[in-house]
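This report examines selected features of one protein structure. Please consult the sequence and the structure shown below while reading.

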Amino acid sequence: MLTKQDKDLLLRIARRSIAVGFAGGEMPRFETGSKALEEKMGAFVTLKKRGRLRGCIGFIEGKKSLHETVKEMAQAAAFGDPRFCPVKADELEGLDIEISALTPLRQIEDISEIEVGRHGLYIVKGFHSGLLLPQVAMEYGWDRATFLRETCGKAGLPQDAWKDGDAKIFIFSASVFGEN
């Protein structure tokens, strides 16, 4: 469980990491003093500008401590999301930062296990994979079937590929919090 202090610190880490990226300086080191922030967890950092997506990148699985993951993914979302031009320095103040700290993935056999609004989806089929965070389905008002179709689309698969026997469907939950 992340405390309010943990969440506030992660948001400050994300913003500071992006600011350092403009200067080309060395990534700052942060002392967290929090056991939760030292745990290895997957996380995504989402950047929005006036409510519109400006960048979103993350790690699905926990390879590093949560605070290290957020630090790196904040810069990646700002400067390395291939869907967008890199964020410019004059945009930083107007960016809203959202962090999604992920639970471990769990493969499911029955789509009835998917709870829209609670679970995110990760679909793998062959060399293709796609992930959508739990909040995406809520933002667009999707039902379970639409969520599955859109996740397949994100993976570059036909929309009904989730029905194929060789498609693997994973669910996860996320603690989602932001500055606004």
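In which strand is Ser100 found? Ser100 belongs to strand β3, which covers residues 95–102. The model discussed here is a predicted one.

## The surroundings of Ser100

Ser100 has a relative accessible area of 0%. Because buried means under 20%, Ser100 counts as buried. Its side chain makes a polar contact of 2.9 Å with the side chain of Gln135.

Apart from neighbours within four places in sequence, the residues in contact with Ser100 include Gly42, Ala43 and Phe44. Leu133 and Gln135 are also among them, as are Ala174, Ser175 and Val176.

## A hairpin of two strands

Strand β5 (residues 120–125) pairs with strand β6 (residues 128–132) in the antiparallel sense, over five bridges. Within this pairing, Val124 of the hairpin stands opposite Ser129 in β6.

Two residues lie between β5 and β6, which form a hairpin. In the turn, Gly126 has a positive phi of about 60 degrees.

## Aromatic pairs

Four aromatic pairs are found in a search of the whole structure. Tyr140 and Trp142 form a stacked aromatic pair, with 5.2 Å from centre to centre and 15 degrees between the planes. Trp142 and Phe147 form a tilted pair, because their planes are at 40 degrees; their ring centres are 6.1 Å apart. Ring pairs thus link Tyr140, Trp142 and Phe147 into a cluster.

Is Tyr140 buried or exposed? Tyr140 counts as exposed, at 58% relative accessibility. Trp142, at 18% relative accessibility, counts as buried, and Phe147 is buried too.

Definitions and conventions: Residues are numbered from 1 along each chain as its sequence is written. This is a predicted model: local features need pLDDT of at least 70, side-chain atom pairs count only at pLDDT 80 or more; totals for chains, interfaces and linings use all residues. Side-chain values use heavy atoms; hydrogens and water are left out. Two strands pair if DSSP finds at least two bridges between them. Helices (H or I, at least four residues) and strands (E, at least two) are DSSP runs, numbered from the N terminus. Buried means under 20% relative accessible area, exposed over 50%, partly exposed in between (1.4 Å probe, protein chains only). A polar contact is a pair of N or O atoms within 3.5 Å; within protein, one must be able to donate a hydrogen and the other to accept it, and residues adjacent in sequence count only if both atoms are side-chain atoms. Contact means heavy atoms within 4.5 Å. Rings of Phe, Tyr and Trp (its six-membered ring) pair if their centres lie within 6.5 Å; planes under 30 degrees apart count as stacked, over 60 as edge-to-face and the rest as tilted.
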